[in-house]
Amino acid sequence: MITKKRKWADLTDILCTHRENDAYRVDRLTQALEGGDFINITSNDADAVIYCGDFNTEPKDTPHKILTQYYGLQDCHESAAEKLYTCFALENTYRECDGDTNPRAKIIDYIMFKSYFEARVSFIRTVPLRT
């Protein structure tokens, strides 16, 4: 029997989503379950999966926990040296202005991944926006 030990992914599935931001939390729960099931069903042959987008849920919320704890996706934010706020962040030009500080800043956009070989996030950086 010959086995191949891979150092790099031969096939990576990349999925992008934009989850609804409505008053019905059950919608986001259902969308998290559907997303995780879709990854499991369609990525059988992939060595790695990248799942990114606007999830409209925070790290403490159940949809995030479903994706990370139940489906085993890793959140790149967990490897970041500092919080990378994506909603109402000062760096975000599509926010309502709160002056120099913003108590409403939160994380709702993600890059998550699942790898079937040893993988880690080596760095995360923010890109300055053009003015």
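1. Let's start with the lining of the second largest pocket in this predicted model. By class, that lining has 4 nonpolar, 4 polar and 5 charged residues. The pocket holds about 300 Å³ of space, and of its 13 lining residues, Arg28, Asn56, Thr57, Glu58 and Asp61 are the closest to the centre.

2. Which helices supply the lining of this second largest pocket with at least two residues each? They are H1 and H2 (62–70). H1 gives the largest share, 3 residues.

3. Asn56 deserves a second look when you open the model. This residue is found in the loop between E2 and H2, and it is among the lining residues closest to the centre of the second largest pocket. Its phi is near 50°, a positive value in a residue other than glycine. As background, most residues other than glycine have a negative phi. Is Asn56 buried or exposed? Asn56 counts as buried because its relative accessibility is 11%, and the cut-off for buried is under 20%.

4. Now to the strands. E1 (residues 12–18) and E2 (residues 48–54) pair in the parallel sense over 7 bridges, with Thr17 standing opposite Gly53 in E2. Between these strands the chain passes through helix H1 (residues 25–42), making a right-handed β-α-β crossover.

5. E1 also has two faces that are worth colouring separately. Asp13, Leu15 and Thr17 make up the covered face, while Thr12, Ile14, Cys16 and His18 make up the uncovered one. In general, side chains in a regular strand alternate between the two faces of the sheet.

Definitions and conventions
Residues numbered from 1 in each chain as written. Predicted model: local features only at pLDDT ≥ 70, side-chain atom pairs only at ≥ 80, totals over all residues. Heavy atoms only, no water. Buried < 20%, exposed > 50% of the residue type's maximum accessible area, 1.4 Å probe, protein only. Helix = DSSP H or I, 4+ residues; strand = E, 2+ residues; numbered from the N terminus. Pairing = 2+ DSSP bridges. Right-handed = clockwise from strand over helix to strand, strands pointing away. 1 Å grid on protein atoms, 1.4 Å probe; cavity = no way out; pocket = protein on both sides within 12 Å on 5 of 7 lines; lining within 4 Å. Points joined across faces, edges and corners; volume = space filled by probe spheres on them. Nonpolar A, V, L, I, M, F, W, Y, C, P; charged D, E, K, R; others polar.
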